[in-house]
Amino acid sequence: MKIIACGSVPTIIAPEKYFTGKVLQTPIIEKEAPARLRATLVSFEPGARTHWHTHPLGQTLYVTAGAGLAQTWGGPIEVIRAGDVISFAPGEKHWHGAGPKTTMTHVAMQEALDGRHADWLEAVSDEQYGG
């Protein structure tokens, strides 16, 4: 058994090269090979969001607080709320984040393929975010 004590893993401000607006990330777990799981608690301030991205083995989000938005490439913007589970298929181009006037926190879970958890793409423009 391994216990990671509360407060022993620092929260970081998410890098601007992958996010728009203020986003905080607190790592939950990153398993060593041969396991591939990574989980992170991600908190978005109003208007904050990821850039477009994909995951080689897909991604699952569990919204823990607030309300936000998510979209797959070519699809409609969807409202996501606390308690929702959102699943993206491997290679599915998407973004997710807070609503324009609401905060949103989710647990992001994905597995690595050859050490890679995500492929980051272009920023979501204000026009794309606004619908």
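Visitor: What makes β4 and strand β11 (residues 104-111) count as paired strands?

Guide: In this predicted model, 8 bridges join β4 to β11, and the two run antiparallel. Pairing requires at least two bridges between the strands, so the 8 bridges of β4 and β11 qualify them as a pair. One point of contact is Ser43, which stands opposite Thr105 in β11.

Visitor: How do you know that strand β7 (residues 59-72) also pairs with β11?

Guide: β7 and β11 are joined over 7 bridges in the antiparallel sense. Since at least two are needed, β7 and β11 are therefore a pair as well. Here Ala65 stands opposite Thr105 in β11.

Visitor: What makes β11 an enclosed strand?

Guide: The accessibility of its residues decides the matter. Of the 8 residues of β11, 6 are buried, so this strand is largely enclosed by the rest of the structure. Buried here stands for a relative accessible area under 20%.

Visitor: Why are β3 and β4 described together as a hairpin?

Guide: Strand β3 (residues 23-30) and strand β4 (residues 37-44) run antiparallel and are joined by 7 bridges; they therefore satisfy the requirement of at least two. Between β3 and β4 lie 6 residues, and the two strands form a hairpin. Within this arrangement, Ile29 has Ala39 in β4 as its bridge partner.

Visitor: What is unusual in the loop between β3 and β4, where Pro34 has its place?

Guide: Ala33 and Pro34 are joined by a cis peptide bond, with omega about 15°. Most peptide bonds are trans.

Visitor: Why is the contact of Glu30 with Arg38 called a salt bridge?

Guide: The closest N and O atoms of Glu30 and Arg38 are 3.1 Å apart. The cut-off is a side-chain nitrogen of Lys or Arg within 4 Å of a carboxyl oxygen of Asp or Glu, so the contact between Glu30 and Arg38 meets it. Side chains of opposite charge can pair when their charged atoms come close. Glu30 has a relative accessible area of 47% and Arg38 one of 28%. Partly exposed lies between 20% and 50%, and both Glu30 and Arg38 are therefore partly exposed.

Visitor: How do you know that Glu111 and Arg36 meet the criterion for a salt bridge?

Guide: Their N to O distance is 3.9 Å, and the limit is within 4 Å, so Glu111 and Arg36 qualify. The pair links distant parts of the chain: Glu111 belongs to strand β11 and Arg36 to the loop between β3 and β4, 75 residues apart. Glu111, at 34% relative accessible area, is partly exposed, as is Arg36 at 38%.

Visitor: How many salt bridges does a search of the whole structure find?

Guide: The search finds 5 salt bridges. Among them is the pair of Asp119 and Arg116, whose closest N and O atoms are 2.8 Å apart. Asp119, at 25% relative accessibility, counts as partly exposed, and Arg116 also does at 35%.

Visitor: Is Asp114 buried or exposed, and what makes its phi worth noting?

Guide: The relative accessibility of Asp114 is 76%; the threshold for exposed is over 50%, so Asp114 counts as exposed. Its phi is near 55°, a positive value in a residue other than glycine. Most residues other than glycine have a negative phi. Asp114 is found in the loop between β11 and β12 (119-120).

Visitor: What surrounds the largest pocket, and which classes of residue make up its lining?

Guide: The largest pocket has a volume of about 380 Å³ and is lined by 24 residues; Gln25, Arg38, Thr40, Gln110 and Trp120 lie nearest its centre. The elements that give two or more residues to this lining are β3, β4 and β11. By class, the lining comprises 12 nonpolar, 10 polar and 2 charged residues.

Visitor: What does the UniProt record say about residues 41-97?

Guide: The unreviewed entry carries the annotation "domain: Cupin type-2" over residues 41-97. In the model, that stretch is 0% helix and 60% strand, with its end C-alpha atoms 13 Å apart.

Methods:
Residues are numbered from 1 along each chain as its sequence is written. This is a predicted model: local features need pLDDT of at least 70, side-chain atom pairs count only at pLDDT 80 or more; totals for chains, interfaces and linings use all residues. Side-chain values use heavy atoms; hydrogens and water are left out. Helices (H or I, at least four residues) and strands (E, at least two) are DSSP runs, numbered from the N terminus. UniProt positions are given in the numbering used here, feature names are shortened, and annotations may be inferred rather than shown by experiment. Buried means under 20% relative accessible area, exposed over 50%, partly exposed in between (1.4 Å probe, protein chains only). On a 1 Å grid over the protein atoms alone, a cavity is a set of points where a 1.4 Å probe fits but cannot get out, and a pocket is an open set with protein on both sides within 12 Å along at least five of seven lines; lining residues have an atom within 4 Å of a point. Grid points are joined across faces, edges and corners, and a volume is the space filled by probe spheres set on the points. Ala, Val, Leu, Ile, Met, Phe, Trp, Tyr, Cys and Pro count as nonpolar, Asp, Glu, Lys and Arg as charged, and the others, Gly among them, as polar.
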